[in-house]
Amino acid sequence: MKRSTWISMAGDRRARKDTNYTNLPEFVSIRVIRVFSLFAVILLSNHCPAQPFLDNLQDNLKLQTKDGFIRSDLTVLLDLEGYYVDQRPPGLLYEDESFINYRASFFIDAHIGPHFYSLIQARVDRGFDPGSQDLDARLDEYLLRWTPTDDSRLNIQFGKFATAVGGWVQRHDSWQNPLITAPLPYENPTIVSYDDVPTSPADFLYRRSYPDDKDSWIPVIWGPVYATGGSIFGSIGKMDYAFEVKNAAISSHPDAWDVDQNYWRYPTFSARIGFRPSPAWNHGLSFSDGAYMTHDAAAQLPAGKNIGDYRQLTLDYDVSYAFRKWELWAELFLNRFQVPNVGDADLGAYYIEAKYKITAGLYAAARWNQEIFGTVHDGSGGWEAWDHDMFRADAALGYRFTRHLQTKLQYSFGHRNGSLQQGEQLVAAQVTAKF
Amino acid sequence: MPCHAGSSRRLAAPKHIQGTESEPPRRRVGGLWTLDFGLWTLDLRVRTSNFGLRIPRFGRWMLNVERWMLNVGCSLFDFGLLVRRSFSEGGWTLDFGLLVRRSFSEGGWTLDFGLLVCALLFFSCPISSHAQAAIEGKVALPAPDPPIASPPRYGGPVGEIASADPPAAVVYLEGQFPPGSIIPTNATTQLWQRGMQFRPALLPVRVGTTVTFPNGDDLYHNVFSYSKPKRFDLGRYRKDDKPAAQVFDKPGVVKLYCEIHEHMRGVILVLNTPFFTRTATNGLYRLDHLPSGKYTLKAWADEKHTFEKPVELKPHETLHVDFDGR
């Protein structure tokens, strides 16, 4: 698999499947924790000159020419996370036991004149999703946007960037996400694989008895889906619209998002229509249609079929409401995977999330998530649910010490039908520095 | 215009009216309106956006609508009715007043009218012990450097972002002021969000001032501050909503931000002195009606541009003090 923008410093995730990668030497983690702790203490001290220093630093990271024609703004996010799981970790957590994860994200927002904008997001971490793997440095996002008019009615954008589908993308970074983990539809792997074609319905359904194969199975939508392509979007009055063509489906693995992946033979089409009747409300209806398998699966397909014949079709309704100290979000996904040798595997998923600011810095957040799976033909005359229905309740407390430092503590309880559970209980903590 | 015969009975301390956005600092103009009728007074303030009732030492009944003011004061010895119309807003106010007074001790009614200056002289008689000085000058202001407003990374509506306020500074006097020259304030003022900017971007207030944050835009704002003197978060609110007013009861610099619009910057400078003013955008300032004595004059433009100089004020003198930024 080509990896032009993935500058892997120690091999890729798939290679690690068969290796004992219990990760970076322990002293590295300890050193990182110490450095981060020191950093946090400095930031926390109101008497320390770090506060105005970071204020000034943040402003000084904004550069512009004298006439303001070219401007750039560098924003840095530093995350330190700890995860404790009582069983196999749920969602897209890539470790078999409790672990520490750290991440540095660099955002460069640049303007060239009033009509051109570009964004670069570079990250150094232990994998796109949390884990205790080796250090990675990547360009997660890069885009160029042309806004021909003086307002936002039309924007044309190319590059590798987050999807327009859904309502979580706008708040997916660690500073804005009230919780630590993503909503269930964005991170819970189903038994559908992007590179492993089931030979029969029974073969497909047998996967239900295995723990998640997170290097092969895919969720409804994989986080913010930084796939490559182009989009047209804008706002006209109270309406928003977006249409995008990308090289990978919204459920695709991060390895498939790069520009040289999938060869553009089977593009994914997605669209969203938004309606804002008032500043408090925001409604959105999204649709996506794309081939979710990669070329690794092509050779396993039935004769005469190609990966473009098996699509992921998704309909998503998102809504948000905000007033005073309250913010509420909800999303409902109706999703279909067309699975070779099986048929249509349908599922419904939703979440409802709330955040309430208790004081100037302290807030509480909670999210209820559920996934309900449809049935498929089992190959012997019957119909069976193709994966285990699941619910998960997330609760978190967060505190912003300053404009540059916040911390969160999350507890999650998830349960799926059947005897196989994966991380019923999760406790996670996160410290984020932003400047 | 005759001097008031019963003026010696007044509790003559001048009143310093707190500067507000809708009523910029008039400082000792308040001295004019000290219808300080001695033993008891009531102070009633009615404006288009707020209503207040207080019983201060030097108060009076006052109806203040836009630039009109109806002022009624009473004591055991006097009764006064004053109608005033202000023709300007700013550090120096040109007012026209009509005053009807009756002195019970001497009998008879008196009708006074005239411009502010005349009235000022009239009422200055009893407060000669606090003979007033002034300071004027210029502050070298930092170059404007408004933060960059980036469009939303992931789409969404973009409103029209107006220009930020040009740089200004706050000049204020600190020191030990004569007893009775400082009156606790419970003033209320406003700091708006308009065009996705704070207006004004720099607001000086006295300790104890209540500030409201009306939203003048057709979208949400979320004003917050994590500054030590005042930590608050108003949550999301729109035009016509009334977020909780904040009382600024500790002196210091309160930096304001909007959680939704990261480019927005504002500062409330909470001061422990009634003698302050905000400079014009060219840096010029004037502080009037200051008590004589030795004090420290300070200028605050931002955390990098703060200056101070010792000053000695003498009665009826105007001192010229420039802060050239060095």
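**Exercise 1. A salt bridge in chain B**

Which side chains meet in a salt bridge at 2.6 Å, N to O, in chain B?

Before you start, note that this is a predicted model, in which local features need pLDDT of at least 70, side-chain atom pairs count only at pLDDT 80 or more, and totals for chains, interfaces and linings use all residues. Residues are numbered from 1 along each chain as its sequence is written, chains are lettered from A and ligands numbered from 1 in the order in which they are written, and side-chain values use heavy atoms, with hydrogens and water left out.

Solution.

- Step 1: Take the rule, which asks for a side-chain nitrogen of Lys or Arg within 4 Å of a carboxyl oxygen of Asp or Glu. The pair you're after is Asp165(B) and Arg199(B).
- Step 2: Place the two partners, 34 residues apart. Asp165(B) sits in the loop between E8 and E9 of chain B, while Arg199(B) is in strand E12 (residues 197–199), so the pair links distant parts of the chain. Strands here are DSSP runs (E, at least two residues; helices are H or I, at least four), numbered from the N terminus.
- Step 3: Check the exposure, where buried means under 20% relative accessible area, exposed over 50%, and partly exposed in between (1.4 Å probe, protein chains only). Asp165(B) has 27%, so it is partly exposed. Arg199(B) has 16%, so it counts as buried.

**Exercise 2. Two more pairs to compare**

Work out the exposure of the partners in the salt bridges Arg286(B)–Asp288(B) and Arg138(A)–Asp140(A).

Solution.

- Step 1: In chain B, Arg286(B) and Asp288(B) come to 2.7 Å, N to O. Arg286(B) is partly exposed because its relative accessibility is 33%. Asp288(B) is at 6%, so that one is buried.
- Step 2: In chain A, the Arg138(A)–Asp140(A) distance is 2.9 Å, N to O. Both of these residues are buried.
- Step 3: For the full tally, the rule gives 38 salt bridges over all chains.

**Exercise 3. Where chain A meets chain B**

Describe the interface between chain A and chain B by its contacts, area and charged pairs.

Solution.

- Step 1: Count contacts, meaning heavy atoms within 4.5 Å. You get 47 residues of chain A touching 35 residues of chain B.
- Step 2: Get the area. Interface size is often given as the accessible area lost when the parts come together. Here that is about 3400 Å², with 48% of it on carbon and sulfur atoms; the value is the accessible area (1.4 Å probe) lost by the two parts, summed over both.
- Step 3: Look at who contributes on the chain A side. Arg324(A), Ala360(A) and Arg403(A) lose the most area to chain B, together 20% of what that side buries.
- Step 4: Count the charged pairs: six salt bridges run between the two chains. One of them is Glu259(B) with Arg400(A), whose closest N and O atoms are 3.6 Å apart.

**Exercise 4. A buried glutamine**

Is Gln430(A) buried or exposed, and what does its side chain touch?

Solution.

- Step 1: Find the residue in strand E20 (residues 425–434) of chain A.
- Step 2: Read off its accessibility. Gln430(A) counts as buried because the relative value is 2%.
- Step 3: Look for a polar contact, which is a pair of N or O atoms within 3.5 Å; within protein, one must be able to donate a hydrogen and the other to accept it, and residues adjacent in sequence count only if both atoms are side-chain atoms. The side chains of Gln430(A) and Glu81(A) make one at 2.7 Å.
- Step 4: Leave aside neighbours within four places in sequence, and the contacts of Gln430(A) include Asp79(A), Arg103(A), Ser174(A) and Lys408(A).

**Exercise 5. Following the strands**

Trace the pairing around E18 of chain A, then the open four-stranded sheet of chain B.

Solution.

- Step 1: Two strands pair if DSSP finds at least two bridges between them. Strand E15 (residues 362–373) and strand E18 (residues 390–402) of chain A pair antiparallel over 10 bridges, with Arg392(A) as the bridge partner of Asn369(A).
- Step 2: Strand E19 (residues 405–416) joins E18(A) by 12 bridges, also antiparallel. There Arg392(A) stands opposite Gly414(A), and a hairpin of two residues connects E18(A) to E19(A).
- Step 3: Over in chain B, the sheet order is E20-E9-E22-E23, with antiparallel pairing. Strands E20 (276–278) and E23 (305–313) are its edges, each pairing on one side only.
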